[in-house]
Amino acid sequence: MQLKDRVAIVTGAGQGIGAAVAAAYAREGAKVAVIDLNLDAAQRVAADIVERGGDAIGVACDVSNREQVEAMAGEVEKRWGRIDILVNNAGITRTAMLNKMTGEQWQQVLNVHLNGAFNCLQAVVGGMIERRYGRILYVTSAAGVLGTIGQINYSAAKAGILGMTKSTAKELARYNITANAIAPGAATPMTETIRTDDRFKEKYLDRIPLGRWAEPEEITPVFVFFASDASSYVTGQVLAADGGMTIN
Ligand SMILES: NC(=O)c1ccc[n+]([C@@H]2O[C@H](COP(=O)([O-])OP(=O)(O)OC[C@H]3O[C@@H](n4cnc5c(N)ncnc54)[C@H](O)[C@@H]3O)[C@@H](O)[C@H]2O)c1
C-alpha cells in the first residue's frame, strides 16, 4: 500500500475524477476526506469506500468560502490528527464566448479554481510545515496551456494553477512538501457536451492521439504517484494524463 495511514483531503470528490481519486487513495491505505459542495454526493462516495473496507468521511464544503474551508480542515484534523495530502480538484466551467461572458461567469470560475485552491492550501499548510511533510496536488488542464474557445475564464484559471503549483513547490520545498499538477482528460459530467455534441466530438477526438477519452480510473495512478513517497524527489511538475492531447 503506497499511502498507508496517510490522511488525504480530496476536493470536488462527490463525482468524476475526484471520486475516483478518493477511492484509489483509500485502496492504497489512506484515510480520505471526501469534500464536495454536494453533501449527499460526498457521503455516498465516502460510504462506498467504507463499504469496501476503507476509511473515509464525506464533508460538505464550498472551497471558495474561506470560513467553510477552515472549518472543514479543522474537522479533518480533529478526526485523524493531521493532513498529509491535499488534492485541489474541485472545479466548474461557465462556458461563453468572450464577448458574451458575464462578469459573474468570469468570477465564478476564478473563485472556485484559484481562490478555492488557495483557501485549501492555506488551511492545511501550517500543519504540514510543522510536521515537515506534505503532498499538494493541483489539477490543471490542456485549456491552461493551449487555451480553449468559449472558456477564457477556465483557461485563465487553469494557467493560474500552473503558476500556483510552481510557487508552492519553490516555497515549500525546504519543509519536505512537494507540489505537482495533473492535467487530466477524462469522461466525466464536466466534459459531456464536447464528448456527445456532434459539433465538437469528432474535432476533439481528432486532437487526442490515443483516440478516446479516459475513464477517471485510468488517470488515478498519476494522483497516487504524486501523493506517495515514490515521488519524493519530484516537485513543481505538470503531468498530462490526456491521451497525448497536449503534444498535438
Ligand atoms: N474531465 C476532464 O476531462 C478534465 C480535463 C481537464 C481538467 N479537469 C479538471 O479536473 C477536475 C475534476 O473535473 P471532473 O471532470 O471530475 O468534474 P466534475 O464536474 O465531474 O466534478 C467536479 C466536482 O466538483 C464539485 N464542486 C464544484 N464546485 C465546488 C466548490 N465550490 N466546492 C467544492 N466542490 C465543488 C462538484 O460538485 C463536482 O462534484 C476539475 O478541476 C477540472 O477542471 C477535468
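**A tour from a buried serine to the ligand**

Begin by selecting Ser231, which counts as buried because its relative accessibility is 0%, where buried means under 20% relative accessible area, with exposed over 50% and partly exposed in between (1.4 Å probe, protein chains only). The model you are viewing is predicted, so local features need pLDDT of at least 70 and side-chain atom pairs count only at pLDDT 80 or more, while totals for chains, interfaces and linings use all residues. Residues are numbered from 1 along each chain as its sequence is written, and side-chain values use heavy atoms, with hydrogens and water left out.

Ser231 sits in the loop between helix 9 (216–227) and strand 7 (238–241); helices (H or I, at least four residues) and strands (E, at least two) are DSSP runs numbered from the N terminus. Show its side chain, and a polar atom there lies 3.1 Å from the backbone oxygen of Ser228. Then add Arg135, Thr178, Phe225 and Phe226, which Ser231 touches (heavy atoms within 4.5 Å) when residues up to four places away in sequence are not counted.

Next, select Ile9, whose contacts, again not counting residues up to four places away in sequence, are Ala33, Ile35, Met72, Val76, Ile83, Ile85, Leu86, Val87 and Val124. Ile9 is also, with Met72, Val76, Ile136 and Tyr138, among the residues that touch the most other members of the largest nonpolar core, which has 38 residues; such a core is a set of buried Ala, Val, Leu, Ile, Met, Phe, Trp, Tyr and Cys residues joined through side-chain atoms within 4.5 Å. Colour helix 4 to follow this core further, since that helix gives the most to it, with 9 residues. A second, separate core of 33 residues includes Val21, Ala30, Ile182 and Ile219.

Finally, centre on the ligand and display the 28 residues around it (a heavy atom within 4 Å), of which Asp36, Asn89, Tyr154, Ala186 and Thr188 come nearest. This shell divides into 14 nonpolar, 11 polar and 3 charged residues.

Three polar contacts (N or O pairs within 3.5 Å) are worth drawing here. A polar side-chain atom of Thr188 lies 2.4 Å from an oxygen atom of the ligand, an N or O atom in the side chain of Lys158 is 3.0 Å from a ligand oxygen, and a polar backbone atom of Leu37 is 3.3 Å from a ligand nitrogen. The elements that give two or more residues to the shell are helix 1 (16–27), helix 4 (103–131) and helix 6 (152–172).

Terms used. A polar contact is a pair of N or O atoms within 3.5 Å; within protein, one must be able to donate a hydrogen and the other to accept it, and residues adjacent in sequence count only if both atoms are side-chain atoms. Ala, Val, Leu, Ile, Met, Phe, Trp, Tyr, Cys and Pro count as nonpolar, Asp, Glu, Lys and Arg as charged, and the others, Gly among them, as polar.
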